[in-house]
Amino acid sequence: MKSSARPLAVLICLLCTTAQAETVLNTPRLAGIDNFRDVAGIDTAYTTTYNGEMRSGVFYRSNALTPQGDDLATLNSLAISTVIDVRSPSEVAAQADTLPDGSRYVNIDLIGNNGTFVIDLSKMTVGDVDAMMEEGERNFVTSDYARQGLGEVFRELANADEAALYHCTAGKDRTGWISAVLQSIAGVSQDDIMANYLATNDYTAARLNATVAMLPASMKETYAALMGVRANWLQAGLDQVVASYGSMDSYLKDGLGLDQATIYVLRGKMVRYLTLPGQENLSGNAGAGASVLNALQDSALSGHYTAYNYYLQNAIDQRSLGGVEKQIGGQVHADAESYLLRQPSRQYDAIAPQITGRNLQTEQSQVWLQGLTSYLGTDSQDGASSSNEHTNGALVGVTHRFNDSATANGAIGYSQGSVSAAGGEVKTHTTSATLGARYGFRSLNSGPWAGIQGSAGYIDYESERHLGGGLGTAQGDSSGQYYSGRASVGWLTMASSLTLDPALGVQVTHLSIDGFQEKGSELALDMAGVNETQTSATADLGIALLSQQVGSWALTPGINVGYERLLNDDNASSHGTLYGIGVDQTSSFGSKNLYKAGLRLNGEYRNITVATRVDYLSADTHSDGVTGQLDVAIAF
């Protein structure tokens, strides 16, 4: 499952890193809604804790929607799907909103008492205004009515399909508190939260100064104070959060009734993390997986009630990706490809003793049944997780000797394979057939010989990947086939009590697996198909010792040693896509060299042969395993 295309996830990550903390905001200024602005920042996007940056165009804050001139056309261009008006019914009746096209209107009163307040500014001092506004901010924390309304506001914002706008009358007190809470959820610094709150004084300065200029001198100072904002007002509310709940998180959950999922949806909407926990130290398969997890922040999975969004936000809080970075990319598919490409060569090793025909007479045939099992484990290396391979199968075949120099053979078989790696498992069911012939230039029992063996099989492919992190299990089904052939030459030599049979060969295997779409998880991959050819050179030496008679049986012990050298790329790889993001993974088995050594024992009784064989396999220093087989043959 190879691809030469560079994973899109890596490219997206690089682009995001380049723009780190320098995103310029071009939020439009509106003539009739002068306190309109993006919650993400003023001139540039705010940075957040854990290397995050606020996203623009998600949430807008403003005063009442009274557009003038081109204001409404500008609002229509911002894809605002939801308008949340937190004014009282009397305020709404006095000045209804002019809504952007196609937007949904929600009215949630935060004050109660129908917004009725009687204020005589001529009898108030600036100190009186300060005290009143500080108390108003504290009420957002202490008032049951306000807390209930605020909980509804944040749930509406979390469920907004596209951009959302919230506002009160002046866009400074109720709107300012909502903005401060949102920015706290995002992880914006206290200094930036306060600066955003105080920016109202700049945005509304022209209108406020014009109004103040028309007022009697006795009202100018107090009116100017009331219609602006002061740092101590917001601070009073923030201090009350600590006094009443101990932390902003407890206020959100215990005070406003928000669950963790909603808080995470709000943060996912507002913040893009430029790097994820530990990402800068990851490489290989884990690095590619982390890049995909990062890039998915720009997909439909982020900022919604999805398993991915909850996982990612929790990973940010925990400062750990929890191993999902190793599992998301589907390494097990690369390991399964590597396994399937190597199986025809292992099959040849297994049937080699049965296809020589040396123990047969001219025009004699032998029917044989073979059962085999094998295991190979590979340590983690080069950024790939460890893997394990298991095989169980059986072959039924026949070998016929035509004359002193020539034999032919054929067999059919079935095997079950299991490959596990990086939280996943692939099970294969292979039905195969093999045909071959051997020719001895002097005789099959002495001297040089040459042989050819071909095999083909149909593969049923089933996969299951447990992703962890609450992301579920991705399952896939596919099918394919393989075609393989080996050409060998050897020289059979007898020396006193030993029979030596060295051989050299070339094995060529072509594997094809159809592409498939996994199911069962939000992070299920669309896997590309396999269309790979692998070529290897082989060297084997069989040593048979002198037969010993034990009762009616003739027992012949033997030793096998072998070496196989891969002639092309030693790493199988897989390619999958997720929401248009590509991810490549390499197999843990990445060795060009495979070493084999084992013991065998043949027992012959009349026309019956029973043989057993055990081999140890090693691929450099990272892989090792064992194969075992039992053969029963009857000559006739």
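1. The lining of the largest cavity divides by class into eleven nonpolar, 16 polar and five charged residues. This description, like those that follow, refers to a predicted model. The space in this largest cavity comes to about 450 Å³, and of the 32 residues that line the largest cavity, Q343, R346, Q347, L372 and T391 are the closest to its centre.

2. As to which elements build that lining, at least two residues of the lining of the largest cavity come from each of helix 17, strand 9 (364-378), strand 10 (387-401), strand 11 (406-421), strand 12 (424-440), strand 24 and strand 25 (623-635). Helix 17 gives the most to the lining of the largest cavity, its share being eight residues.

3. The second largest cavity holds about 120 Å³ of space, and of the 13 residues that line the second largest cavity, those closest to its centre are Q343, R346, L376, E389 and L617. Q343 and R346 thus appear in the list of residues closest to the centre of the largest cavity and again in the list for the second largest cavity. The elements that give two or more residues to the lining of the second largest cavity are helix 17, strand 9 and strand 10, and here too it is helix 17 that gives the most, with four residues. By class, the lining of the second largest cavity has five nonpolar, five polar and three charged residues. For context, a search of the whole structure finds seven cavities of 30 Å³ or more.

4. Turning to the open sites, the largest pocket has a volume of about 1,000 Å³, and among the 44 residues that line the largest pocket, T356, R358, D501, A544 and R600 are the closest to its centre. Two or more residues of the lining of the largest pocket are given by each of helix 17 (331-351), strand 14 (473-495), strand 15 (498-513), strand 18 (530-545), strand 20 (553-566), strand 23 (593-605) and strand 24 (608-619).

5. Which element gives the most to the lining of the largest pocket? That element is strand 20, with seven residues, whereas in the largest cavity the element that gives the most is helix 17. The lining of the largest pocket comprises, by class, 16 nonpolar, 17 polar and eleven charged residues.

6. Two helix pairs deserve a comment, the first being helix 7 (residues 190-198) and helix 11 (residues 231-245), whose axes come within 10 Å and cross at roughly 130 degrees. Because of that angle, helix 7 is oblique to helix 11, and the crossing in which helix 7 passes helix 11 is right-handed. From helix 7, Q190, I193, M194, Y197 and L198 meet A231, W233, L234, Q235 and L238 of helix 11, and by class this contact has eight nonpolar, two polar and no charged residues.

7. The second pair is helix 4 (residues 126-142) and helix 10 (residues 217-227), which pack at an angle of about 20 degrees with their axes 9 Å apart. Helix 4 and helix 10 are therefore roughly parallel to each other, and their crossing is right-handed. V126, V129, M132 and M133 of helix 4 make the contact with E221, T222, A225 and L226 of helix 10, and by class the contact of helix 4 with helix 10 has six nonpolar, one polar and one charged residues.

Notes:
Residues numbered from 1 in each chain as written. Predicted model: local features only at pLDDT ≥ 70, side-chain atom pairs only at ≥ 80, totals over all residues. Heavy atoms only, no water. 1 Å grid on protein atoms, 1.4 Å probe; cavity = no way out; pocket = protein on both sides within 12 Å on 5 of 7 lines; lining within 4 Å. Points joined across faces, edges and corners; volume = space filled by probe spheres on them. Nonpolar A, V, L, I, M, F, W, Y, C, P; charged D, E, K, R; others polar. Axes fitted to C-alpha atoms, helices over the stretch in contact; angles between N-to-C directions. Parallel < 35°, antiparallel > 145°, perpendicular 65-115°, else oblique. Left-handed = near helix turned anticlockwise from the far one by under 90°. Contact = heavy atoms within 4.5 Å.
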